[in-house]
Every structure is written in structure tokens, then in C-alpha cells.
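Please open the model in your viewer, with side chains available for display, and follow the stops below in order.

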Amino acid sequence: SSNMEDDVSLKFRQQLLLIDENLVAEDVAALKFLCTDLLPFKKLEGVKSAVDIFQLLMAEDYLNEEDTFLLAELLYRIKCHSLLKKFGYTKEKVQRCLHEKGRVSPYRQMLYELSENITNEMLKDIIFLLQNCLPKRRMTLSALELLILLEKQGLLSENNVQMLEEVCMNVSPDLLETINCYTRAKVSLPQQENTLPVKESSLSHTGDIRVFTSPQVHWSTYCQLGKLLHLFIAVSFLEVLCYNILFHHFSLKHSFLRVGAFFFSFLQKMTSYKMDGPHRGFCLVINNVNFDRSLQERKGSCKDAGELKRVFTWLGLDVRTYTDLTSQEIKDLMRTWQHLQHHKDSDCFICCILSHGESGAIYGKDEELVSIRMIMSHFTAKQCPQLAEKPKLFFIQACQGKEIQCPVYVEADAQIPDLSSVQQSISPSESIPEEADFLLGMATIDGYVSFRHVQQGTWYIQALCSKLQLLVPRGEDILSILTEVNEDVGRRVDRLGTKKQMPQPAYTLRRKFIFPIPRDPPPS
């Protein structure tokens with residue numbers, strides 16, 4: 001019996017080590033912050049790794065072999081959903097248990113969400129405004145470290161967020177809205193202190209249906225919907241006002257027609273991303289065709305890469321193509337482009353990846369998986385401030401599930417499945433970063449293969465390029481175009497009529513993304 005207990009304990013600690021190996025420095029800082037209400041400040045100050053946090057939680061009986069829910073909740077809060085399976089959890093299972101077992105307070109959730117939305121520029125402004133409250137010695141602070149410092153000095157607490165409100169009012173109304181949502185929820189729902197879920201990634205767009213990606217809606221989502229409602233009411237009022245002026249005061253008709261045209265042109269610009277900068281932006285195309293071991297050559301992929309280069313060059317982007325990159329080379333490439341200063345003059349950023357894949361990840365040439373979320377996270381406002389508030393579009397042509405038997409002319413972009421293990425399912429909404437201005441276009445819904453003709457290229461990329469050429473000249477926005485792509489791909493079948501595919505976009509865009517109409521005709 002003693003040997004069995006030792007084996008269980010050893011396996012448990014091995015799992016904790018495995019979790020630690022999969023967390024980066026930012027994840028450890030987030031875990032440390034979320035545990036602030038559970039562990040003493042002094043002990044947390046000495047934390048250098050996730051293992052240190054696990055040791056402290058075990059010492060306080062928050063974590064043991066029989067009860068791992070707190071760790072599951074923490075991983076859920078920082079969006080490391082793929083690690084939940086190490087302890088037998090899924091995202092949905094954690095969500096169901098939060099009502100009874102959740103330990104991270106809405107206050108701590110609010111501060112963490114706030115920190116995720118504070119860009120480097122905002123942080124500089126906040127530190128400048130608070131310089132009289134901070135230590136005189138010069139120090140470099142992250143957003144989380146700044147919040148902890150304010151708590152230590154008694155300037156911020158669960159029942160006192162006034163100073164934070166005043167600072168955010170000066171820096172960003174959006175930040176202020178996050179705090180206001182917390183205070184309103186605290187007043188109206190005091191009995192549900194530990195049940196507010198963290199914010200899911202925004203709305204996803206599947207086919208013709210725009211749906212929330214989770215049944216649990218974070219309170220900040222309601223605030224955003226309220227903003228949209230106010231905008232809708234204001235616009236409707238102005239439309240009625242303009243109608244009455246135009247058609248009941250005939251002597252002023254022509255003057256007001258000119259004013260009306262200007263107003264509606266202005267309104268369209270206000271509801272669309274700015275796309276008139278000195279540089280349209282860069283488009284990366286990563287085309288993995290050949291692999292080192294068991295994965296098959298992706299015949300036809302070069303056709304896709306060439307088509308993407310032609311279409312996005314026509315749309316004004318500077319296209320750079322990379323072929324057969326290993327997993328490490330993909331990561332290094334993302335870091336290189338993350339720090340590019342030229343982004344500050346760009347309207348947008350686009351990245352297309354063509355490879356084999358699994359749920360929530362793509363394969364490098366070395367057949368090692370790279371997380372889609374990790375790739376996209378290099379371009380958040382915090383990591384790449386030059387692209388803050390600019391649209392960032394990612395198009396992924398890769399399977400998101402296991403290979404199925406296909407006819408000779410159609411292949412699946414997936415690895416031959418290992419039936420002894422089941423891949424953790426990760427939806428596009430989980431891959432997309434937790435902030436605005438991202439779009440992730442996936443060739444297929446999670447768990448399924450995507451198809452590639454060995455000569456003509458993939459169904460998804462060919463449909464995407466075709467619809468961009470057709471609909472950009474008509475002034476259509478990107479979500480309308482992707483709906484047409486869904487329609488196109490959804491109608492396609494293989495030559496035997498037995499295999500189908502459905503793409504799935506997920507997005508956190510705040511405005512319409514509309515490519516300016518090119519002067520030249522579409523490429524042939």
C-alpha cells in the first residue's frame with residue numbers, strides 16, 4: 001500500500017513538472033498573480049518557476065493528488081486549455097465546476113483581464129501618472145507588477161478601485177469599462193463572488209451564423225454589447241433626422257445631400273479599420289511541403305503559396321514566402337517579425353500557414369507541433385505595440401483532426417493518427433489571443449481534416465483567393481468574404497462525392513476590415 005501511494009505521489013509530481021516545462025515566463029507571472037489572494041506576498045516574491053508555486057499551494061493544502069481543481073482553474077484562467085488533460089480535465093468540465101469550487105475572485109479576474117489589455121504605451125502613461133505613488137528608484141514594471149505594488153501600498157483593493165478608475169479614465173476608456181463592469185457586477189451579484197467566468201475570446205463566425213464561443217458570457221461582453229446598442233440608437237436617430245431634412249425641406253435639399261454624403265462616408269470610415277496609411281502591410285506565407293519523417297509531401301501546396309502571393313500583392317501587401325521551416329524556425333521567424341519597426345507605418349498584418357496539423361497546432365518540417373495560439377500571441381498589443389489597434393489576420397491551411405482514407409486525387413493535411421492516444425480538442429476560439437483586432441481563418445472546423453488536390457491546391461486557399469478577387473472590388477468586408485468562402489468550400493466534394501469540408505473563422509475584430517479597391521484588375 002505504501003509503495004502504491006509512493007507511485008501515485010511520484011506520478012503526480014511528474015505531471016506537475018511536465019506542466020512547468022510547458023509554461024513560459026509570462027504564464028508563471030500570471031499564475032503568481034492569480035494566487036495572490038491565496039498565498040502570502042512574501043512567499044510569492046521568491047517564486048521563480050511554476051514548480052515553486054505548486055510547492056507553495058501543496059504546503060497550504062490547496063493542491064494534492066486527490067484535489068487538483070485549483071491547478072485546473074488556474075490553467076483555465078490563463079488559457080492553457082491543452083494542459084488540462086494532464087489531470088483529466090477539459091475546459092467544459094472546469095467551467096461546470098467553477099460555481100462550487102472556483103477560488104479566483106472576480107476582483108482578481110478583473111485585474112488580470114485589465115493587465116492583459118494594457119499595452120506598453122498605456123503602461124508608460126499609467127506609471128507617469130502614478131509616479132508620486134511609486135518608489136523613487138527607477139524600476140521596470142510589468143502591468144501585473146504595477147497592480148501588485150499598488151495593492152501593497154494600500155492604494156488598490158477589492159473594495160477600493162477608485163485610483164485605478166481615475167488613472168484608466170485618463171489613459172483609455174476601454175480599460176475604465178472593464179473596471180466599471182466589475183463594480184456593477186459586485187453590487188448586483190454579491191452572492192456569486194467566485195462564479196464569474198473569465199472572458200472567452202470574442203465572437204466566432206461559422207458559416208452564416210455568428211455565435212458566442214462559450215455558454216458562459218463574461219460580464220465585459222455585456223458592456224461591449226451595450227456600447228454597440230448605444231451606437232445603433234445614435235446612428236438610427238441621425239438617419240431619421242437626415243431623412244426629414246432631405247425630404248421635407250426641399251429648398252435645402254441639394255446642400256443637405258452633400259452634407260449627408262459626407263456624413264455617411266465619415267460614418268463608414270469610423271466603423272472600418274483605417275486602411276490609408278503609407279504602407280498596406282506585410283503578408284507572410286509559410287509553406288511546408290516536405291517533412292523529415294512520416295508525414296507525406298504536401299503536393300499542390302506550392303500552387304496555394306503562389307496564388308496567395310499573387311492575390312495579396314495585388315491587394316497592396318508586401319508578401320514574403322518561407323518554405324519548409326522547422327518548428328523552431330517558425331518560432332524564430334515570429335519573433336523576428338514581432339520586433340519589426342516597419343509595422344508602425346502599416347495598416348495591417350497577415351500571416352498564412354500551409355502545413356500538416358492537429359487540433360490547435362501546425363507541424364514544422366521536423367514534425368514537431370507549434371501551437372497556433374503561441375504563433376498569434378507574438379502580435380498582441382503588448383508583444384508588438386507597433387501593430388496595436390491594427391487588424392491582424394491569420395489564415396491556417398492544415399487539418400485540425402485525424403486523417404481519414406481519401407481517394408487518390410485528394411489528400412488530407414493531417415498526420416496518420418496514433419489510435420493509442422486522443423488529441424486534446426482545441427477550437428479556433430481558444431487559439432485566438434484574448435484581445436481585440438485578431439482574425440483566425442481555419443481551413444476546417446476542429447477535429448476534422450481539410451482537403452488538398454495534388455495539382456490544383458487546397459479547397460480552402462483556392463476558395464479564399466477566388467473570393468478575395470471577386471468581392472474586394474465590390475467593397476465587401478472580410479467577414480462577408482469568409483462567409484462566401486464557407487459557402488464555396490461547403491459545396492465542394494471529392495470526386496467520389498463522399499468527403500466534405502467546412503472552414504471556421506474566429507475573430508475579435510472591433511470594426512469592419514475592408515481592403516481598398518486595387519487600381520489594377522485581379523491577377524489572372
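The tour goes through charged pairs and then a sheet.

This is a predicted model, in which local features need pLDDT of at least 70 and side-chain atom pairs count only at pLDDT 80 or more, while totals for chains, interfaces and linings use all residues. Residues are numbered from 1 along each chain as its sequence is written, and side-chain values use heavy atoms, with hydrogens and water left out.

**Stop one: E45 and K152**

Begin with the salt bridges, where a salt bridge is a side-chain nitrogen of Lys or Arg within 4 Å of a carboxyl oxygen of Asp or Glu; by this rule the count is 13. Select E45 and K152, which form one such bridge with the closest N and O atoms 2.4 Å apart. E45 belongs to helix 3 (residues 41-45) and K152 to helix 9 (residues 143-152), so the pair ties together parts that are 107 residues apart in sequence. Helices (H or I, at least four residues) and strands (E, at least two) are DSSP runs numbered from the N terminus. Both ends are partly exposed, E45 at 46% relative accessibility and K152 at 41%, given that buried means under 20% relative accessible area, exposed over 50%, and partly exposed in between (1.4 Å probe, protein chains only).

**Stop two: R77 and E73**

Are the partners in the next pair, R77 and E73, buried or exposed? R77 is buried at 3% relative accessibility, and E73 is buried at 0%. Their side chains meet in a salt bridge at 3.0 Å, N to O, and both residues lie in helix 5 (residues 69-77), 4 residues apart, which is about one turn of the helix.

**Stop three: R335 and D332**

Move on to helix 15 (residues 327-338), which holds both R335 and D332, 3 residues apart, or about one turn of the helix. The salt bridge between their side chains is 2.6 Å, N to O. R335 is partly exposed, with a relative accessible area of 35%, and D332 is partly exposed with a value of 35%. Next, select D37, R108 and E151, which are joined into one network by salt bridges that share partners.

**Stop four: the sheet**

Finally, display strands 6, 7 and 8, which form an open sheet in the order 6-7-8 with antiparallel pairing, where two strands pair if DSSP finds at least two bridges between them. Strand 6 (357-358) and strand 8 (369-371) stand at the edges, each with a single partner strand, so one side of each is left without a neighbour in the sheet. Strand 7 (residues 361-363) pairs with strand 8 in the antiparallel sense over 3 bridges. To see one bridge position, select I362 together with V370, its bridge partner in strand 8.
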